[in-house]
Structure formats: C-alpha cells, structure tokens
Amino acid sequence: MRLHHLLLALLFLVLSAWSGFTQGVGNPVSCVRNKGICVPIRCPGNMKQIGTCVGRAVKCCRKK
C-alpha cells in the first residue's frame, strides 16, 4: 500500500512539473500580456527573451 502512495506522489510531481512547460509565450498576444514586445532580431542588451512571437525567428523580449 505504501508503494501505491509513493507512485501516486511521483506521478503527481511529474505531471505538475510538465504543465509548466506548456504555458510559455508563443504568440504576439501572450507576449504583450506578459509585458513583452516582439523583436525580429536578438533582444537588446537591457532585455531578456521570454518566448517567441511567430515561429522561432521573432523573439518576445521583456525588460530584465
């Protein structure tokens, strides 16, 4: 019975960690909602990349 509890806790941990990877910035609307801007090149020095806007070429950048 203890093994079932351990497996259930492990399953919960894996699924909860995995859900964080699906909530990234992937379009212009979510970029703006996360206080970012879409930039067609690298992010400027005072900004960091938080996702993409359109494909991989356009970056979503936000102030550090």
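**Three disulfides in a predicted chain**

Trainee: Is the disulfide of Cys 31 and Cys 60 right-handed or left-handed?

Mentor: This is a predicted model, so treat each value as computed from it. The torsion about the S-S bond of Cys 31 and Cys 60 is about 90 degrees, so the hand of this disulfide is right-handed.

Trainee: How many residues apart are Cys 31 and Cys 60?

Mentor: The sulfur atoms of Cys 31 and Cys 60 are 1.9 Å apart, and the two residues form a disulfide. This pair links distant parts of the chain, since Cys 31 sits in helix α2 and Cys 60 in strand β3 (residues 58-63). Along the sequence, the separation of Cys 31 and Cys 60 is 29 residues.

Trainee: Are Cys 31 and Cys 60 buried or exposed?

Mentor: The word depends on relative accessible area: under 20% is buried and over 50% is exposed. Cys 31 and Cys 60 both fall in the class called buried.

Trainee: How many disulfides does a search of the whole structure find?

Mentor: Besides the pair of Cys 31 and Cys 60, a disulfide joins Cys 38 to Cys 53. Cys 43 and Cys 61 form a disulfide as well. For the whole structure, the search gives a count of three.

Trainee: What is the hand of the disulfide between Cys 38 and Cys 53, and how many residues apart in sequence are the parts it ties together?

Mentor: The S to S distance of Cys 38 and Cys 53 is 2.0 Å. The torsion about their S-S bond is about -90 degrees, so this disulfide is left-handed. Cys 38 lies in strand β1 and Cys 53 in strand β2 (residues 47-54), so the tied parts have a sequence separation of 15 residues.

Trainee: Which residue of that pair counts as buried, Cys 38 or Cys 53?

Mentor: Cys 38 has a relative accessibility of 34%, so Cys 38 counts as partly exposed. At 4% relative accessibility, the residue that counts as buried is Cys 53.

Trainee: Where does Cys 43 lie, and which strand holds its partner Cys 61?

Mentor: The sulfur atoms of Cys 43 and Cys 61 are 1.9 Å apart, and both residues are buried. Their link is left-handed, with -80 degrees about the S-S bond. Cys 43 lies in the loop between β1 and β2, so the disulfide ties that loop to a part 18 residues away in sequence, the strand of Cys 61, β3.

Trainee: What pattern do the disulfides follow when bonded cysteines are counted along the chain?

Mentor: The pairs are Cys 31 with Cys 60, Cys 38 with Cys 53, and Cys 43 with Cys 61. With the bonded cysteines numbered along the chain, the pattern is 1-5, 2-4, 3-6.

Trainee: What pattern of helices and strands does the chain follow along the sequence?

Mentor: The secondary structure comes to two helices and three strands. Read along the sequence, the pattern is α-α-β-β-β.

Trainee: How many bridges join β2 to β3?

Mentor: β2 and β3 form a hairpin with three residues between them, and Gly 55 in the turn has a positive phi of about 65 degrees. Gly 51 stands opposite Cys 60 in β3. The two strands run antiparallel, and the number of bridges joining them is six.

Trainee: What is phi of Lys 35 near, and why is its sign worth a note?

Mentor: Most residues other than glycine have a negative phi. Lys 35 lies in the loop between α2 (28-33) and β1 (37-39), and Lys 35 is exposed, with a relative accessible area of 73%. Its phi is positive although the residue is not glycine, with a value near 60 degrees.

Trainee: What distance separates the C-alpha atoms of Gly 36 and Lys 63?

Mentor: Gly 36 lies in the loop between α2 and β1, and at 9% relative accessibility Gly 36 counts as buried. Gly 36 and Lys 63 are 27 residues apart along the chain, and their C-alpha atoms are separated by 7.7 Å.

Trainee: Which residues form a nonpolar patch on the surface?

Mentor: One of them, Leu 7, lies in helix α1 (residues 2-19) and counts as partly exposed at 47% relative accessibility. Together the patch has about 320 Å² of accessible area, and its members are Leu 3, Leu 6 and Leu 7.

Terms used:
Residues numbered from 1 in each chain as written. Predicted model: local features only at pLDDT ≥ 70, side-chain atom pairs only at ≥ 80, totals over all residues. Heavy atoms only, no water. Patch = residues over 30% accessible without salt bridge, like charges linked within 9 Å, V, L, I, M, F, W, Y side chains within 5 Å. Areas by Shrake-Rupley, 256 points an atom, 1.4 Å probe, with all protein chains shown as cover. Salt bridge = Lys/Arg side-chain N within 4 Å of Asp/Glu carboxyl O. Helix = DSSP H or I, 4+ residues; strand = E, 2+ residues; numbered from the N terminus. Buried < 20%, exposed > 50% of the residue type's maximum accessible area, 1.4 Å probe, protein only. Disulfide = S-S within 2.5 Å. Pairing = 2+ DSSP bridges.
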